[in-house]
Amino acid sequence: MALLVSLTDTDIQPWVEVFESELSNMDIRIYPDVGDASEIEYVAAWQHPFGEYKKYSNLKAILSLGAGVDHITKDPELPSDVPIVRMADDSLTNDMCLYALHWVLHFHSDYYRYVKQQVKKQWLPQDFVAPRNRTIGIMGLGNIGKQIAESLARQGFYVVGWGANEKPATRNIEYFYGKEQMSAFLNKSEILINVLPLTEATTNLVTECELCQLPKGAFVINMGRGSIINENDLLSLLNNSHISAAVLDVFDVEPLPVDDPLWSHPNVTITPHIAGQSDGKTAAMFMVENIRRIENGEPPFPLYDVSRGY
Ligand code: OXD
């Protein structure tokens, strides 16, 4: 039996070390050296080329390097009966919390202004705003969104969250849910963070109409998926200054094409889909544990749910 490692744009060495030492009964193959395709039982995947999965006739599961699995489910020829296991290693969640905190502070504490002031050699302290007087809106309240919300609330920010379904209230976070409550949520969100997964329901969920409901001068941080926040609408609201600035880690098309106007917008910061990076060792162990569960006849966790779309 064989595990195929196909982790695009990733230093695979720590992953392979863990797989080789923990899965000694398994042949570890590194894409594109697939060998006999019928021997592949597992794929550790990040952006594995479309059209490949269907060649592995004895595939037992696909293990995603990312929390999002659209890089797998968008394959038009994906076999429908193969379980897909999402990544929920703590190192990934923690990295996403740090990314969110970094950019929240960038905007909240006016660092984005100081970068511009330095170019003009301008010594100009901006007014202090206490974190409790700054409202951060988190779209997507799964494990990652919840942890980001809690970590920002711990820093004293006022945090509001929005998700598709109702959540029990917590002491620190005000929850909104469903389409009916989206306006109330957006109206409050001075810094909007998107961590929703890409599904049919979330595709193009945030367009001009929703962005206009953010307070004037709001900031947008997209670390979920590009196709959730309409890029053209975001650009026009940046251009008319309704949105002050945006940090984008995810895009409709990745890598972002060189001629895309987002690259050169003065109030847009681009990072190349790195908001949630995993520690190779612990994330590979997370996959190993799931392979062991499957081999023992137990369900892997967290399993992609076709009906929910994530
Ligand atoms: C993702 C991730 O799915 O970084 O994008 O986990």
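## Cores, ligand site and backbone oddities

Leaving aside residues up to four places away in sequence, I148 is in contact with M96, C97, A100, I138, I193, V195 and M223. Keep in mind that this is a predicted model.

Two of those partners come up again when we look at the core as a whole. The largest nonpolar core has 56 residues, and the members that touch the most others are L3, F19, I148, I193 and M223. As for who supplies this core, helix α3 (residues 90–108) gives the most, with 8 residues. There is also a second core, separate from that one, with 29 residues, among them V160, M182, A218 and L234.

Now for the ligand. Which residues are around the ligand? They are W46, G66, A67, G68, L92, R225, H273 and G276. Sorted by class, that shell comes out as 3 nonpolar, 4 polar and 1 charged residues. Three of the shell residues place a polar atom by an oxygen atom of the ligand, as listed here.

| Residue | Atom on the protein side | Distance to a ligand oxygen atom |
|---|---|---|
| A67 | polar backbone atom | 2.7 Å |
| R225 | polar side-chain atom | 2.8 Å |
| H273 | N or O atom in the side chain | 2.6 Å |

How much of the ligand's accessible area does the protein cover? On its own the ligand has 210 Å² of accessible area, and the protein covers 92% of that.

On to the backbone, with a couple of cis peptide bonds to look at. One runs from Y31 to P32, with omega near 15°, and P32 sits in the loop between β2 (27–30) and β3 (40–46). Another joins E254 and P255, where omega is about -5°. P255 is in a loop too, this time between β11 (243–248) and β12 (268–270).

Then there are some positive phi angles at residues other than glycine. N204 isn't a glycine, yet its phi is positive at about 60°. You'll find N204 in the loop between β9 (191–194) and α7 (208–211). Is N204 buried or partly exposed? Its relative accessibility is 37%, so N204 counts as partly exposed.

S241 is a similar story: a positive phi of about 65°, and again not a glycine. The loop that holds S241 runs between α8 (231–239) and β11. With a relative accessible area of 43%, S241 is partly exposed.

Technical notes: Residues are numbered from 1 along each chain as its sequence is written. This is a predicted model: local features need pLDDT of at least 70, side-chain atom pairs count only at pLDDT 80 or more; totals for chains, interfaces and linings use all residues. Side-chain values use heavy atoms; hydrogens and water are left out. A residue is near a molecule or strand if one of its heavy atoms lies within 4 Å of it. A polar contact is a pair of N or O atoms within 3.5 Å; within protein, one must be able to donate a hydrogen and the other to accept it, and residues adjacent in sequence count only if both atoms are side-chain atoms. Accessible areas come from the Shrake-Rupley method with a 1.4 Å probe; for residues, only the protein chains shown count as cover. Ala, Val, Leu, Ile, Met, Phe, Trp, Tyr, Cys and Pro count as nonpolar, Asp, Glu, Lys and Arg as charged, and the others, Gly among them, as polar. A nonpolar core is a set of buried Ala, Val, Leu, Ile, Met, Phe, Trp, Tyr and Cys residues joined through side-chain atoms within 4.5 Å. Buried means under 20% relative accessible area, exposed over 50%, partly exposed in between (1.4 Å probe, protein chains only). Helices (H or I, at least four residues) and strands (E, at least two) are DSSP runs, numbered from the N terminus. Contact means heavy atoms within 4.5 Å.
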